[in-house]
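Open the model in your viewer and keep the sequence panel beside it. This tour goes stop by stop, with something to select at each one.

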Amino acid sequence: MKRKTWISRALDTAGIKAQYDEHVKRILGSRQVLARILKGTIEGYRSYSPEEITLWIEPDIEIASVPLCPGEEKMDDRLINGENTESKVPGEGTITYDIRFRAFLPGKNKKAEIKLLINVEAQKKFYVKYRIVTRGIFYGARMLSEQLDREFSNSEYDKLKKVYSIFICMNAPMHIGNAMAEYRITKEDIIGNIPEPRKSYDKLSVIIICLNEKLKKGTEGTLHGFLNTLLSPEMDRKEKEESLVRDYGMKMEYELGEELSEMCNLSEAIEEKAMKRGKIQGLNEGIQQGIQQGIQILIEDNLEEKIPEDRIIEKLQKKFKLNKEEAVKYLEKFRGDK
């Protein structure tokens, strides 16, 4: 018996709203997705497979302040858990990252590994009130300065880790189309030659990926083809999943006996799915019947995920404005159906 992977369920939940803020963060936060982004953007990962790269994405990562369970060794399907997405520096204000995490570039041995600090941001459009590269530089600079007393102390500046700020800009204008650029610190000798290895100054990169789904023909098998498919608001779920499996090697199913680590807070996605399906059903068959459908889906999905019954009752009361007695009756009714 097979079951959908986490990313498959996330795409199912998002539907045509794949580019909406709350959905795009979850979709991009999948290890399967991040591994393909790293392979397509960072030179050190180019020769490795996405499956290998997932093992070098640090387990403890954070997305939009949602805490998740610590995982098992095999984590290619897991949503990352990670770093605090909120950065507060006295006198410098607060910024909130979409996704921030740590990853390693493998070396010949453990000592030769290189740690990278990475931030991924999703933009629904290219033109905003600021230049995206400028924002990326600011985010990267903050990630550099925050390393003091974390990655190094006092004057141990050689321990400073390189930071990447990756911006994914959907719906890019036609004259830009599918494009990618990297902005980084480089060296230019003006007089003479100062012998300095690149690793000493190449500490910040901003990578901007522009996507235009209308121009994706010819990008099949590339990072742009992958992201345009993954974040498409036009493709239906089945077509999207088939393409991701066929063209990009994504896993959408796995054997129940080989389950990967799941999100602790999967209940939020379950509730979104329940409400969405309930609303659609309500439009077709009447509002009341739609609400009943939403209640049934929430109960069945939560029971499947082994959420405690008292917690399910609380969710029913909150989401559907029920009193405790009504919530208990619905739980008994649909638990029996199950």
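Start with Asp310. Is Asp310 buried or exposed? Asp310 counts as exposed, because its relative accessibility is 52% and the cut-off for exposed is over 50%. Keep in mind that this is a predicted model. Asp310 lies in helix 11, which covers residues 309–320. Now select Ala327 as well and draw a C-alpha to C-alpha distance. Asp310 and Ala327 are 10.0 Å apart in space, with their positions 17 residues apart in sequence.

**Next stop: Lys321**

Select Lys321, in the loop between helix 11 and helix 12 (324–337). Lys321 is exposed, with 71% relative accessible area. Check its backbone: phi is positive, about 55 degrees, although Lys321 is not a glycine. Most residues other than glycine have a negative phi.

**A second positive phi: Asp149**

Jump to the loop between helix 5 (132–145) and strand 7, where Asp149 is found. Phi of Asp149 is near 70 degrees, again a positive value in a residue other than glycine. Asp149 is exposed too, at 62% relative accessibility.

**Into the strands: Ser165**

Follow the chain to strand 7, residues 162–169, and pick Ser165. Is Ser165 buried or exposed? Ser165 counts as buried, because its relative accessibility is 1% and buried means under 20%. Show what touches Ser165, leaving out residues up to four places away in sequence. You should find Asn119, Gly136, Tyr139, Ser205, Val206 and Ile207.

**Gln123**

Now select strand 6, residues 114–123, and go to Gln123. Gln123 is buried, with a relative accessible area of 7%. Which residues does Gln123 touch, not counting those up to four places away in sequence? They are Val128, Tyr130, Ile132, Arg135, Phe167, Ile168, Cys169 and Met170.

**Helix 3 against helix 7**

Hide the side chains for a moment. Select helix 3 (residues 31–41) and helix 7; their axes come within 10 Å and cross at roughly 150 degrees. The two helices are therefore roughly antiparallel to each other. Their crossing is left-handed. Bring the side chains back to see the contact. Helix 3 supplies Val33, Arg36, Ile37, Gly40 and Thr41, while helix 7 supplies Leu223, Phe226, Leu227 and Leu230. By class, this contact has six nonpolar, two polar and one charged residues.

**Helix 7 against helix 8**

Keep helix 7 (residues 223–230) selected and add helix 8 (residues 237–248). At what angle do the axes of helix 7 and helix 8 cross? They cross at roughly 160 degrees and come within 10 Å. That makes helix 7 roughly antiparallel to helix 8. This crossing is left-handed. On the helix 7 side, pick Gly225, Phe226, Thr229 and Leu230. They meet Lys240, Ser243, Leu244 and Tyr248 of helix 8. The contact has four nonpolar, three polar and one charged residues. Phe226 and Leu230 are worth a second look: they are listed in the contact with helix 3 and in the contact with helix 8.

**Zoom out**

Finish with the whole chain in cartoon view. There are twelve helices and ten strands. Of the 338 residues, 49% count as buried. Switch on the surface: the accessible area comes to about 18,100 Å², and 51% of that belongs to carbon and sulfur atoms. Among contacts with a separation of 6 or more, 61% are between residues 24 or more positions apart.

Conventions. Residues are numbered from 1 along each chain as its sequence is written. This is a predicted model: local features need pLDDT of at least 70, side-chain atom pairs count only at pLDDT 80 or more; totals for chains, interfaces and linings use all residues. Side-chain values use heavy atoms; hydrogens and water are left out. Axes are lines fitted to C-alpha atoms, for helices over the stretch in contact, and angles run from 0 to 180 degrees between N-to-C directions. Helices (H or I, at least four residues) and strands (E, at least two) are DSSP runs, numbered from the N terminus. Angles under 35 degrees count as roughly parallel, over 145 as roughly antiparallel, 65 to 115 as roughly perpendicular and the rest as oblique. A crossing is left-handed if the near helix is turned anticlockwise from the far one by less than a right angle, and right-handed if clockwise. Contact means heavy atoms within 4.5 Å. Ala, Val, Leu, Ile, Met, Phe, Trp, Tyr, Cys and Pro count as nonpolar, Asp, Glu, Lys and Arg as charged, and the others, Gly among them, as polar. Buried means under 20% relative accessible area, exposed over 50%, partly exposed in between (1.4 Å probe, protein chains only). Accessible areas come from the Shrake-Rupley method with a 1.4 Å probe; for residues, only the protein chains shown count as cover.
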